[in-house]
Amino acid sequence: DKFKDGLTKTRDSFATKMNDLVAKYRKVDEDFFEELEEILISADVGVETVMELIEELEMEVKRRNIKETTEVVEVISEKLVEIYYGDAEEEVEELKLNQEGLSVILFVGVNGVGKTTTIGKLAHRLKEEGKTVMLAAGDTFRAGAIEQLDVWGERVGVEVIKHNEGSDPAAVIYDGIQAAKSRKADVLLCDTAGRLQNKVNLMNELAKVKRVISREVPDAPHEVLLVLDATTGQNAMSQAKTFSDATDVSGIVLSKLDGTAKGGIVLAIRNELSIPVKYVGLGEKVADLQPFDANSFVYGLFA
Ligand code: GDP
């Protein structure tokens, strides 16, 4: 299926290394764990998460009196899944939408991470579920951003509310909400500019946009989704930190997971930032956005 195909790079790289490791060591010892640690870190699982995993593994290996490396592989998947979910209640952490009326979703993230593409793909997904979707072109800062969102709107057949470049993002989103209300739309997806250079500006701009949204729609925004580019590894982690300092991020979309052999970043993000990964981007086409299921992901790595 789509999920599996999109993860080919990560799986090929990881499975090869794991097979070599198991063949090389056979018996579980300190060197085995050390090399396993390196493999996981090189797959961008994140140092903190890897340390936690190795510690859990060592305990479990002792507890079950495991001697063969072939047996450890099974425990690795188990523990990775456990660490991933932590105290999360559901296996697939889906969008929180307003069931009674309009839902407003705000997208944040720096330029180039795949924000526009993600909005287009999510619009398509929601439309397929029978929802009426509209887009608000709140990235008024960048030349081309409005146009690009327009192209996606046309591609998936949803209306785009836009102003001219340079206008106030909060005003665009205000208009988007009014239009969505009058058309009785189910979901409004709002783009924003992703300028990280000036953190205070970013905070103020997002705060203003959120104020407008929550004034017009109670309990909105229903989600603030941060889009991160999986191919940027630790850079994505630091963007996540900056954005969650600037605003309440409710979920992450990890784009371009198909383009990296280091898909372990998804585990690091969930575990180290405690923000659910709601979707992953697995390609550039409309249907290439999938809910993230850590079970399939982790077990898929060894398949
Ligand atoms: P934005 O500047 O954040 O709005 O980024 P765009 O949506 O314009 O995406 C930047 C580039 O990444 C484009 O060429 C997209 O086609 C590509 N892209 C976005 N998402 C994915 C994905 O999940 N997989 C792959 N392979 N490419 C993607």
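Which helix holds Gly-176? Gly-176 lies in helix 8, which covers residues 169-182. The views below come from a predicted model.

**View 1. The whole chain sets the frame for the close-ups.**
The secondary structure of the protein chain comes to 12 helices and eight strands. Along its principal axes, the C-alpha trace spans about 65 × 40 × 35 Å. The radius of gyration is 21 Å. A compact globule with 303 residues would have a value near 19 Å, so the chain agrees with that expectation. Of the 303 residues, 54% count as buried.

**View 2. Gly-176 is a buried glycine of helix 8.**
The relative accessible area of Gly-176 is 0%. Buried means under 20%, so Gly-176 falls in that class. Gly-138 is 38 residues away from Gly-176 along the chain. The C-alpha atoms of these two glycines are separated by 9.3 Å.

**View 3. The largest pocket holds about 190 Å³ of space.**
Its lining includes Val-113, Gly-114, Thr-117, Thr-118 and Lys-121. Trp-152 also lines the pocket. Further along the chain, Ser-255, Lys-256, Asp-258, Gly-283 and Glu-284 belong to the lining too. Which helix gives the most to this lining? Helix 6, residues 115-128, does so with three residues. By class, the lining divides into two nonpolar, five polar and four charged residues.

**View 4. Lys-256 lines the pocket from a loop.**
The loop runs between strand 6 (251-255) and helix 11 (265-273). Phi of Lys-256 is near 60 degrees. That is a positive value in a residue other than glycine. Is Lys-256 buried, partly exposed or exposed? Its relative accessible area is 32%, so Lys-256 is partly exposed.

**View 5. Arginines lie over the faces of two aromatic rings.**
Arg-155 lies over the face of Trp-152. The distance from the ring centre is 4.3 Å. Trp-152 is also one of the residues lining the largest pocket. Elsewhere, Arg-270 lies over the face of Tyr-84. Here the distance from the ring centre is 5.9 Å.

**View 6. Aromatic rings pair up and form a cluster.**
How many aromatic pairs does the structure hold? There are five. One of them joins Tyr-25 and Phe-32, whose ring centres are 6.1 Å apart. Their planes stand at 75 degrees, so the pair is edge-to-face. An angle over 60 degrees is needed for that label. Both partners are buried: Tyr-25 has 18% relative accessibility, and Phe-32 has 0%. Ring pairs also link Tyr-84, Tyr-85, Phe-292 and Phe-297 into a cluster. Tyr-84 of this cluster is the residue whose face lies under Arg-270.

**View 7. Asp-44 has a positive phi in a loop between two helices.**
Helix 3 (30-42) and helix 4 (47-63) flank the loop. Phi of Asp-44 is near 65 degrees. Asp-44 is a residue other than glycine. Its relative accessibility is 10%, so Asp-44 counts as buried.

**View 8. A cis peptide bond joins Ala-220 and Pro-221.**
Omega is about 0 degrees. Where is Pro-221 found? Pro-221 is in the loop between helix 9 (199-216) and strand 5 (223-229). Asp-219 has its place in the loop between helix 9 and strand 5 as well. With a relative accessible area of 69%, Asp-219 is exposed. Asn-98 is 121 residues away from Asp-219 in sequence. In space, the two are 8.6 Å apart, C-alpha to C-alpha.

**View 9. Val-224 is a buried residue of strand 5.**
The relative accessible area of Val-224 is 3%. How far apart are Val-224 and Gly-101, and what separates them in sequence? They are 18 Å apart in space, C-alpha to C-alpha. In sequence, 123 residues separate them.

Key
Residues are numbered from 1 along each chain as its sequence is written. This is a predicted model: local features need pLDDT of at least 70, side-chain atom pairs count only at pLDDT 80 or more; totals for chains, interfaces and linings use all residues. Side-chain values use heavy atoms; hydrogens and water are left out. On a 1 Å grid over the protein atoms alone, a cavity is a set of points where a 1.4 Å probe fits but cannot get out, and a pocket is an open set with protein on both sides within 12 Å along at least five of seven lines; lining residues have an atom within 4 Å of a point. Grid points are joined across faces, edges and corners, and a volume is the space filled by probe spheres set on the points. Helices (H or I, at least four residues) and strands (E, at least two) are DSSP runs, numbered from the N terminus. Ala, Val, Leu, Ile, Met, Phe, Trp, Tyr, Cys and Pro count as nonpolar, Asp, Glu, Lys and Arg as charged, and the others, Gly among them, as polar. Rings of Phe, Tyr and Trp (its six-membered ring) pair if their centres lie within 6.5 Å; planes under 30 degrees apart count as stacked, over 60 as edge-to-face and the rest as tilted. Buried means under 20% relative accessible area, exposed over 50%, partly exposed in between (1.4 Å probe, protein chains only). A charge sits over a ring if NZ of Lys or CZ of Arg is within 6 Å of the ring centre and within 35 degrees of the ring normal. The radius of gyration is taken over C-alpha atoms; the globule rule is 2.2 Å times the number of residues to the power 0.38.
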